[in-house]
Amino acid sequence: MNFEFSEEQNLLREQASGFLKDHCSTKVVRKILDGDESYDQELWTKVVEMGWTATVIPEEYDGLGMSYLELCVIAEELGRSLAPLPFSSSVYLATEALLVAGSKEQKEEWLPKLASGSIIGCLAAGEGKGQVTPKSLTTSADASSLSGSKLPVADGDIADFAVVFAACDSGDGASTYLVDLNQSSVSRQKLDTIDPSRSHAKIDFAGASAELLGKEGEGWALLNNIYDRAAVLFAWEQVGGAETALEMAKDYAMGRFAFGRPIATYQAIKHKLANMYVKNTLAKSNCYYGAWALSTNAPELPIAAATARVGAIQAYYFASKENIQTHGGMGFTWEFDCQFPYRRSKLLSINIGSEPVWQEKLIKAIETGRAA
Amino acid sequence: MQFAFTEEQHQFKDVVKRFLREKSPTTEVRRLMETDDGFDPVVWKQLSDELALPSLIVPENYGGAGFGFVELSIVMEEMGHSLLCAPYFSSVVLAANAILNVGTEKQKLDLLPQIASGSIRATLAVTESSGRWNAAAVELVAETDGDEFTLQGEKCFVVDGHTAGKIVVVARLEGSEGDDGISFFVVDGDAPGLTKSLLKTVDPTRKLARLEFNSVQAEPLGEPGAGMGALTKTLDQAAIALSNEMIGGAQYLMDSTVEYSKVRMQFGRVIGSFQAIKHRCADMLLLLELAKSAAYRAAAALDEGDESVPVLANMAKSAASDAYIQIAADSIQIHGGIGFTWDQDTHLWFKRAKSSEVFLGDPAYHRELMMQRWGEGI
Amino acid sequence: MSNLTVNAVKEEVRAWLQENWDAGLSLVEWRNKLADSGWGVPDWPGQWYGRDLPVAMLPEIEEEFAEVNAVGVARSGIRMLAAATILEHGNDLHKKEFLRRILTGEDTWCQLFSEPGSGSDLAGATTRADFDGENWIVNGQKLWTTSAHHADYGLLLARTDWDVPKHQGLTYFILDMTQPGVDVHQVKQMNGHASFNQVFITDATVAPQYRVDEEGAGWRVAMTTLAHERRNADGMNRLNRDSGLPGAIYEEERKEVATVMEPYKWYPQRAGRVDLVMQRAKQTGRIENASVRQEIAKLLIMSKSAEWTARRARAAQELGMPQGPEGSLGKLAASNVAKQASGVHTLISGADALLTGSDGAMDGLIAEVLVSVPAVSIAGGTDEIQRNIIAERVLGMEKEPRFDSGPFKDVPRNVV
């Protein structure tokens, strides 16, 4: 594995970065954090117009047919801007589920709409307490009707359909279904979370009509595969966010005076920033590995994804908390922006499985790799 | 619960401190660590005759001074500080406690006065080539023939095992496994069939030996097969004593490092005025003091018969190990290039920190054990 | 103090309480009796509402109060810091005007020291007070002011001389918070609570007689206030004690305490909620994970050791031994414990820890821990400042070269 982003990909990064600087300042994040809206619709429309939702969808389904490297570039920039959008739910999770497991008919039905942004998808796996496992699943499906409760579902309040995981007696203990959320047997309730700039919901299914995605009894394997793929993309978002936290801290430290000098001239602060930089850079290296594995469909994907995920969780949390510390008391206020990366880092450190879950995955993947 | 030393304990500490600073300067440490025996018999005799330190925790009816673990911890802390090279830990902390915990009255009356007077030096052999400290890892077998026991197998990482006159051996009865069948035996240092060899280790200030038992006749210490409780108790006591030794060593490193940072100049100022150094030293102090609290707390608990002793022992050992190794690493870092040289003394303590970290079980082992023992908390 | 004196005092207060304690009185009526008799603050000077008794006698006297469920003077909040400062540095006018109403609880006080531009560097305050020939005219901003929104008076640190080094140009005033030039805004923290205020002061006035101590002596006076703030750390426990008794006077007292304690209700979460870790780890099943167990063990060891370290400091103090380094480490230790606890709570949580509402882990309490812990390494002196203090005062390491020792007007500073 040895790669750099190509010239075209770097061009895409510049374009994305410039666009988000113009349209997704922290004011936009704050508007969603403080307000009742679930996401910034105006920004979403623009992001769709840029074609970002269509990035990896093949051309035959009206997508752009680009590689995952392009999507990693976009993820990093979205993470950097802390964009309050359902992008990860719709693109990293729902779209991926269809690309991996969808039948030709299902792809034809859903992918063009996901590409054009006319619908938003989400993934509903968790059921509240603890980490979800096939054994813990209480959501069940019978023929084509699905019942149970899912929470927290990222973007569950605004999505048009959900990829839902339900218990099943055969195979690996779970099956996956596509469920239209705009039906009467589905009710949704918005949830307050640690990061109010990203919306979450509880979804109740009461005999909702559902369509099997992939084979029965292969849901757990599918979920893990989607999580592996998404972990790489989330890791890029996390690293982008971590770099934002470092930038915020650096800018503040250089302009803030204490005892007659900028606080950036104190070793305590200087070394803090240096440590943030080192962690971010190491985490990013792991992201490169993940991007390579994802884009080449390499058998190392589980290892690469877990490595990227663990590194990104640690780097983002460190950078975002030290950013607050660098800002001192003001960093802990609502008025300052330090809370955005901190909240996002916490959200992204738990959403698709927390650090120990991924550490275990990593160890298992390494063991399996050795055995093979 | 005792949280401060009494006036008498402070005075005792001063006496021990003065003695050890005089008898164990680093020139002596460096001399002794190059020898195979690893200690100075003259100093051992003075330590026994003048200060009666080997008798410290031995009850008076067995010829000892009858002090408690708080006093023992004071001695350990000062020994760790001075990096004393002597078979004190092996003979007093390990062997004497094991005999107290498992021996019959007759055996105590026979063995303890000799240990207390310093006339024999004993040790305890627990670990084998696996290096593990749990009972299940004991493979050395005690074979029986009527009332006779013979030991078959090997022990490894035995502190002062090559110089001890009496060796208390942990073995298991034939056919037993896990925590069952754990037994203690006493063997003379020159018993037929016993082969002793000095191990080359990272820390030359604490000598470790490998002992091979080839049908060595042994006397059971206490009742054969019923030694599990005594083993656990002895190792918990030893872990607490070792924790106190470690914080003494860490204190030495902390103090010498701070002193160095006050005189070493760079960029026109003493390096101790740079926040990078200053904050590292503050963090070292915090680590040290927290570990000290855990070590003191555990020692006091032993004397007070607190039922949380096992958990406290794990906490103390984990805290002291982590603090010592971190402080040793920081100390070398703050000393810069010179801290990495042979002539500078820091590495002597660094190596002791390293060997103490794994001695009696590494911090992760103790934390896991602590979680198993936690129950409803302490 | 001999047993004889202790018993005599106990007897005296017991008799006085028997004679005077009446749960039917209003809180202010009763506390005025306490002020008149000197039993409310027996360690204060006899001339000022006290009885000149040693501090060591207070627990004995409090015991007698508790015996008959008698209510004490108002102690909560900043008012006792104000009282201590006034007793030490104030003149008779200040004592006459303010002390009684502090004890009765009729007046509420706040502390106007920190500013947006000077937190760690408290002496770098830029709020100015200029004398216009008649009054001091105050302009500037103060920050982190607990209770400012309902305070009657503020302890104000303001700059009166810009041509001298920073510590020498400060003066201490008593500011009437109810005047038009004082504008109080609540500051919302990132965890959603609003425990503090920002105070905007525009042409507010202070009459000359409300200057405390000399012009330029402000730093010294402020040190007195802060010393009492540190000493009163255990005062919080007393505030929290709820008599639980029925009756109007207890109700009034409860209300008073509740108002003062309101800003601190998230403080347990700020400290990391170590007490919930085992329970949560069992609930989520994460207790089975080997690396999580290690992290929990590290947390418990750190937190218990910190507790024992504090007890060592206290034990040495009680034995009259000189305080070792263990007495200076509490704040940094607490910060490390909180951070480790927050990390562990994240490790043991599933997605429900993200939820802040009733669907969340422990009704959102865990999420509140996660967003509250960052405050602990900042409030009341950042970890960085704590490390400076430990290194310089405990370990005797040299200070950094200073850049702010010249006339304050030439010192580079923040523009707010």
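User: Which residue of chain A meets the side chain of C:Glu384 in a salt bridge?

Analyst: In this predicted model, salt bridges between chain C and chain A number 3. For the one that involves C:Glu384, the N to O distance is 2.7 Å, within the 4 Å cut-off. The partner is A:Lys272.

User: Which elements of chain C give two or more residues to the side that touches chain A?

Analyst: The interface brings 55 residues of chain C into contact with 48 residues of chain A. The side of chain C that touches chain A holds 23 nonpolar, 19 polar and 13 charged residues. The elements that give two or more residues to this side are α11 (290-318), α12 (330-347), α13 (365-372) and α14 (383-394) of chain C.

User: Which three residues supply 18% of the area that chain C buries against chain A?

Analyst: About 4,200 Å² is buried between chain C and chain A, and carbon and sulfur atoms give 62% of this area. On the side of chain C, no other three residues supply more than C:Met190, C:Leu354 and C:Ile378.

User: Why is α10(B) described as largely enclosed by the rest of the structure, and how many of its residues are buried?

Analyst: Helix α10 of chain B covers residues 346-358. Its buried residues, among them B:Trp349 and B:Arg352, pack against α2 (26-33), α4 (69-82), α7 (228-263), α9 (309-335) and α11 (363-373) of chain B. The helix is largely enclosed because its buried residues number 10 of 13.

User: Which residue with a positive phi follows α10(B)?

Analyst: α10(B) reaches 19 Å from its first C-alpha to its last, close to the 18 Å expected. After the helix comes a residue whose phi is near 70°, namely B:Leu360.

Key:
Residues are numbered from 1 along each chain as its sequence is written. Chains are lettered from A and ligands numbered from 1 in the order in which they are written. This is a predicted model: local features need pLDDT of at least 70, side-chain atom pairs count only at pLDDT 80 or more; totals for chains, interfaces and linings use all residues. Side-chain values use heavy atoms; hydrogens and water are left out. Contact means heavy atoms within 4.5 Å. Buried area is the accessible area (1.4 Å probe) that two parts lose on being put together, summed over both. Helices (H or I, at least four residues) and strands (E, at least two) are DSSP runs, numbered from the N terminus. Ala, Val, Leu, Ile, Met, Phe, Trp, Tyr, Cys and Pro count as nonpolar, Asp, Glu, Lys and Arg as charged, and the others, Gly among them, as polar. The expected span of a helix is 1.5 Å times one less than its number of residues. Buried means under 20% relative accessible area, exposed over 50%, partly exposed in between (1.4 Å probe, protein chains only).
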